[in-house]
Amino acid sequence: MADHVVQCGGCRVDVQVVRNGNGEVVRCPACARTAPKDEAIRTARSALIDIVMRDLDETLREIVRASPTLGYQPAQRYDWVLG
């Protein structure tokens with residue numbers, strides 16, 4: 001995952017990491033969408049897992065969905081993705 005950069009899910013541009021009073025926040029330089037850095041990383045990770053799961057059979061998909069270690073959170077639309 002270190003080779004990937006979090007991107008805005010709508011604009012597909014690399015996010016900027018900025019500091020605010022509560023820690024680090026990611027911000028899209030194109031549309032100004034923001035989120036806490038940890039939340040954006042979790043969402044981007046889930047988006048990647050969702051893509052990978054398309055090639056798995058249903059039994060393996062259920063294992064991925066049930067794994068708390070992976071932290072997969074399915075969504076209709078991912079605001080943050082890995083580029």
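Here is a short chat about a predicted model, centred on one helix, one sheet and the core residues.

Student: Which helix holds Thr-43, and is Thr-43 buried or exposed?
Tutor: Find residues 37-53 and you have α1, the helix where Thr-43 sits. Its relative accessibility is 18%. Buried means under 20%, so Thr-43 in α1 counts as buried.

Student: What does Thr-43 touch, leaving aside neighbours within four places in sequence?
Tutor: Skip those sequence neighbours and look further along the chain. The contacts of Thr-43 are then Tyr-78, Asp-79 and Trp-80.

Student: How far apart should the ends of α1 be?
Tutor: Helix α1 has 17 residues, and each step counts for 1.5 Å. The expected span uses one less than the number of residues. The end C-alpha atoms agree with the expectation, because both values come to 24 Å.

Student: Which residues of α1 are buried, and what covers them?
Tutor: The buried ones are Ala-40, Thr-43, Ala-44, Ser-46, Ala-47, Ile-49 and Met-53. Here's a handy rule: an α-helix has 3.6 residues a turn, so residues three or four places apart point the same way. As for the cover over the buried residues of α1, it includes β1, β3, β4, α2 and β5.

Student: Which elements give two or more residues to the largest nonpolar core?
Tutor: That core has 10 residues, including Val-6, Cys-8, Ala-40, Ala-44, Trp-80 and Leu-82. The elements giving two or more are β1, α1 and β5.

Student: And how many residues are in the other core?
Tutor: Another core lies apart from the largest one. Among its members are Ala-47, Met-53, Tyr-78 and Val-81, and its size is seven residues.

Student: In the sheet of three strands, which ones stand at the edges, and why is one side of each left without a neighbour?
Tutor: The sheet is open, its pairing is antiparallel, and the order is β2-β3-β4. Each edge strand has a single partner, so one side has no neighbour in the sheet. Those edge strands are β2 and β4.

Student: Which residue stands opposite Val-26?
Tutor: Start with the pair β3 and β4, which run antiparallel and are joined by three bridges. Look across from Val-26 into β4, and there you find Ala-35.

Student: What angle does the direction of α1 make with that of β4?
Tutor: Helix α1 packs on the sheet and touches β2, β3 and β4. Compare its direction with that of β4, and the angle is about 100°.

Conventions: Residues are numbered from 1 along each chain as its sequence is written. This is a predicted model: local features need pLDDT of at least 70, side-chain atom pairs count only at pLDDT 80 or more; totals for chains, interfaces and linings use all residues. Side-chain values use heavy atoms; hydrogens and water are left out. Helices (H or I, at least four residues) and strands (E, at least two) are DSSP runs, numbered from the N terminus. Buried means under 20% relative accessible area, exposed over 50%, partly exposed in between (1.4 Å probe, protein chains only). Contact means heavy atoms within 4.5 Å. A nonpolar core is a set of buried Ala, Val, Leu, Ile, Met, Phe, Trp, Tyr and Cys residues joined through side-chain atoms within 4.5 Å. Two strands pair if DSSP finds at least two bridges between them. Axes are lines fitted to C-alpha atoms, for helices over the stretch in contact, and angles run from 0 to 180 degrees between N-to-C directions.
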